[in-house]
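Biologist: I'm new to reading protein models, so let's walk through one together. Can I ask you things as they come up?

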Amino acid sequence: MKRSLALQESVKGVEWQLIMEGKWLLCLLLVLGTGAVQAHDGHDDDMIDIEDDLDDVIEEDLCQAKKDDTDDEIAKYDGKWEVDEMKDTKLPGDKGLILMSRAKHHAISAKLNKPFLFDTKPLIVQYEVNFQNGIECDKCGEDYKLHFIFRHKNPKTGVYEEKHAKRPDADLKTYFTDKKTHLYTLILNPDNSFEILVDQSVVNSGNLLNDMTPAVNPSREIEDPEDRKPEDWDERPKIPDPDAVKPDDWDEDMDGEWEAPQIANPKCESAPGCGVWQRPVIDNPNYKGKWKPPMIDNPNYQGVWKPRKIPNPDFFEDLEPFKMTPFSAIGLELWSMTSDIFFDNFIISGDRRVVDDWANDGWGLKKAADGAAEPGVVGQMLEAAEERPWLWVVYILTVALPVFLVILFCCSGKKQSSAMEYKKTDAPQPDVKEEEGKEEEKNKGDEEEEEEKLEEKQKSDAEEDGGSGSQDEEDRKPTAEEDEILNRSPRNRKPRRE
């Protein structure tokens, strides 16, 4: 049973594959270049030093193969590669493999020190990619994908099928548009589980037996291709009630007699009206629609017909799809509408620690350099607003709303009373009791003055009357105003009882 493995990534018009497989598939893909591969720090892991291992290969061996079932104009693998630094490199002297051509097929490969054996260790494939020019596409929509695909051979039919992992839920757009170097990692474990990481963060995971489409193992049973549905098979769950009768008062539209199709009268185009006048119609208040008998359960219902199941003659069960055919080379095959795609630091290993160390020594330095060159928070906000103009509205509201609330709070406050203002200062204030005493003395003096005037008036009136005592009792009664004044006088108040 032969199997092969491919890690594929496609975005817009860019589609590229990282292929790990035997020589038979390399021949099929026509990836015929060769190159030297060295061990990493004395381990048995394979890594590719782009600058040292592939530079001579690119100079000497330009692939002349053609892609099958493709027009001759674009069938050749004549895309150009170079080993060079990134255009805006932050690490002078750090070189990588660069895809240089647009709208061309590209292919390149290198041999490993020894074949990778699928046994008790995981397969870990890791590399770096930088889309220096972002992503360009002429016909495809904005869609960013990261595929994991492996090919599996049916041992009974001999047919190879591609098995595709489910699509990641993570948003991948940033990895393709920010023009930074990103680290892609595939971890395939002996228990058939897998993980796909970008920048050392998991973006997809699953199991080769459960999360691939189509499934690795076919169904035990299949529908019989020779089975046919019987003519008398009844699939109607409901049927019209055969005993139902249309009511006599049911009112419905009639179809009427057939009439020849009508054409537009050219004389009507300039006329205010055309044809025989007819009285406008209104909805029929008694209209109930065309009568239909009510539906009842079909006593002869047999369910939806399906072909009977028979044993699958091509059934097999592979419970260890991880154990694929050993591979001894690594290859890239790409068609891209974008140029200047930068690749670097490929490594294939069975040790996660070695792979992480390799990432820290390579991608870690690029990440640190990119971080040091990034603008501050304000600069990042301005850059984001240039890409998304609607962010300006958010910025303005974020700044203007607090300022407006502060101004509104400060200017709309009620004026405080003098007593409240006194409480907010330590300055000496007049004694309230002294002021109340002065006010009481003033009122007392006014009452005494009014009382004296009243006594003088009464004395004057007594002199005019000649001291006679014949005046009526009602005339002698003081007026209400006088009584009020007398009552307010301190002299007329009753003494308190101690």
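Biologist: Let's start with P214: in which loop is its place?

Modeller: Sure, but a quick word on the model first. It is predicted, so local features need pLDDT of at least 70 and side-chain atom pairs count only at pLDDT 80 or more, while totals for chains, interfaces and linings use all residues. Residues are numbered from 1 along each chain as its sequence is written, and side-chain values use heavy atoms, with hydrogens and water left out. As for P214, its place is in the loop between strand 14 (212–213) and strand 15 (221–223).

Biologist: How are helices and strands picked out, and how many of each does the protein chain have?

Modeller: They are DSSP runs, numbered from the N terminus: helices are H or I with at least four residues, and strands are E with at least two. Going by that, the protein chain comes to twelve helices and 20 strands.

Biologist: Is the peptide bond from T213 to P214 cis or trans?

Modeller: Look at omega for that bond, which is near -10 degrees. The bond from T213 to P214 is cis.

Biologist: K163 is in contact with P214, so to speak, but is K163 buried or exposed?

Modeller: K163 has its place in strand 10 (residues 160–165). The cut-offs are under 20% relative accessible area for buried, over 50% for exposed and partly exposed in between, using a 1.4 Å probe and protein chains only. K163 has a relative accessible area of 1%, so it is buried.

Biologist: And which backbone oxygen does the side chain of K163 reach?

Modeller: Contact means heavy atoms within 4.5 Å. Leaving aside neighbours within four places in sequence, K163 is in contact with residues including F148, H152, M212, T213, P214 and A215. At 3.0 Å, its side chain reaches the backbone oxygen of A215.

Biologist: What share of the residues in the protein chain is buried?

Modeller: The chain has 498 residues in total. Buried ones make up 33%.

Biologist: A103 and N192 caught my eye too; which of them counts as buried?

Modeller: Neither is a glycine, yet A103 has a positive phi of about 55 degrees and N192 has one near 80 degrees. A103 is found in the loop between strand 6 (95–99) and strand 7 (104–116), while N192 has its place in the loop between strand 11 and strand 12 (193–198). At 30% relative accessibility, A103 counts as partly exposed. At 5%, the one that counts as buried is N192.

Biologist: Now D241: how far apart are the C-alpha atoms of D241 and K292?

Modeller: D241 is found in the loop between strand 16 (238–240) and strand 17 (295–297). Not counting residues up to four places away in sequence, it touches P293, P294 and I296. D241 and K292 are 51 residues apart along the chain, and their C-alpha atoms are separated by 9.3 Å.

Biologist: What is the volume of the largest pocket?

Modeller: Picture a 1 Å grid over the protein atoms alone: a pocket is an open set of points with protein on both sides within 12 Å along at least five of seven lines, while a cavity is a set where a 1.4 Å probe fits but cannot get out. Points are joined across faces, edges and corners, and the volume is the space filled by probe spheres set on them. For the largest pocket, that comes to about 830 Å³.

Biologist: Which helix gives the largest share of its lining?

Modeller: Lining residues have an atom within 4 Å of a point, and the largest pocket has 26 of them, with T177, D178, K179, K180 and E383 nearest its centre. Helix 4 (173–177), helix 6 (363–373) and helix 7 (377–387) each give two or more residues. The largest share, four residues, comes from helix 7.

Biologist: How many residues line the second largest cavity from helix 5?

Modeller: The whole structure has two cavities of 30 Å³ or more, and the second largest has a volume of about 40 Å³. Its lining includes Q126, L183, R352 and D356. Helix 5 gives the largest share, three residues.

Biologist: Which residues does the UniProt annotation "transmembrane region" cover?

Modeller: That label comes from an unreviewed entry, and such annotations may be inferred rather than shown by experiment. The span is 95% helix and 0% strand, with its end C-alpha atoms 32 Å apart. The annotation covers residues 390–411.

Conventions: A polar contact is a pair of N or O atoms within 3.5 Å; within protein, one must be able to donate a hydrogen and the other to accept it, and residues adjacent in sequence count only if both atoms are side-chain atoms.
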